[in-house]
Amino acid sequence: MVTEKFWVNLSQNDYFREIICLETVSNTQDYLKLMAQNGKRGLVCVARHQTNGLGRAGRKWYSDEENLKFSMLFDACISPQFLPIISLIVGMVVKETIEKLYLTSVQLKWPNDILLNGKKICGIISESASTSNTVKWIVCGVGVNLNMKKENIPADLHNIATSLLLETNLQIEENKFLEIFLVCFSDYLRILEQGGSCELIKKYQSSCDTIGKKINVILENETRTGIASKIDEHGALVVKTEKGEEVFCSADIVHIR
């Protein structure tokens, strides 16, 4: 356990009650999904080392001990149809936390990629269990490249990944980042539970750099090209293509410069 490094004040937080700090774990997502199956809720798991870090769509996520790696286990009084909005909120909160601490602008690419100077600095994954009308639990994982040095980034990632330390020359403590993130995330969860999904979608859309850009939407068997026009009420991306308006619930996208 690495409890001495992470102290975050949760006394006023309605969603998270405990932070579990681990030296080494396969990944924080799987750890908290096991906790969820045992009836636990309101947990945040932080790890110094992950032996099998996970990214979106089953991809691996590389990180070293100078990066912040955590997952959150919680439930929310929302309809399952609004679960995709959770993932958007996480990306939006990461963006806001970075801009507050580092005083620098970062790009939010739909659904939740965070880029700085064209390189990725954050990975986000959201998983959940639900019935047709009830959300049982949600586990969201975040990996932020905070203080990683260039020599610790694998050579094959030099052109696509970076860290906030490398781009801003600022070193931020992990617990400070996590505390600000959890406060903001909890505020947005409360808005969502109170029926504010439209408000959050509008806020996300104004923060998302994908909107208005010409993009490639990479699907399993083809690539579509069009202009990203808006985010619909369930968090899907609406793109104007040669076939008209098309809606994509999940896909990899590339901004065309």
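1. Buried means under 20% relative accessible area, exposed over 50%, and partly exposed in between (1.4 Å probe, protein chains only). This is a predicted model, in which local features need pLDDT of at least 70 and side-chain atom pairs count only at pLDDT 80 or more, while totals for chains, interfaces and linings use all residues. Residues are numbered from 1 along each chain as its sequence is written, and side-chain values use heavy atoms, with hydrogens and water left out.

2. On the cysteines, a disulfide being a pair of cysteine sulfur atoms within 2.5 Å, the count comes to zero. For Cys-45, the nearest cysteine sulfur is that of Cys-21, 7.9 Å away, and Cys-45 counts as buried because its relative accessibility is 0%. For Cys-77, the nearest is that of Cys-140, at 16 Å, and with 66% relative accessibility Cys-77 counts as exposed.

3. The largest nonpolar core (buried Ala, Val, Leu, Ile, Met, Phe, Trp, Tyr and Cys residues joined through side-chain atoms within 4.5 Å) has 64 residues, and Phe-185 is among those with the most contacts inside it. Helix H2, residues 83–102, supplies the largest share of this core, twelve residues; helices here are DSSP runs (H or I) of at least four residues, numbered from the N terminus.

4. Contact means heavy atoms within 4.5 Å. Leaving aside neighbours within four places in sequence, Phe-185 is in contact with Phe-16, Met-72, Phe-74, Ile-86, Ile-89, Val-90 and Val-93. Apart from the largest core lies another, of 13 residues, including Trp-137 and Val-139.

Key:
Helix = DSSP H or I, 4+ residues; strand = E, 2+ residues; numbered from the N terminus.
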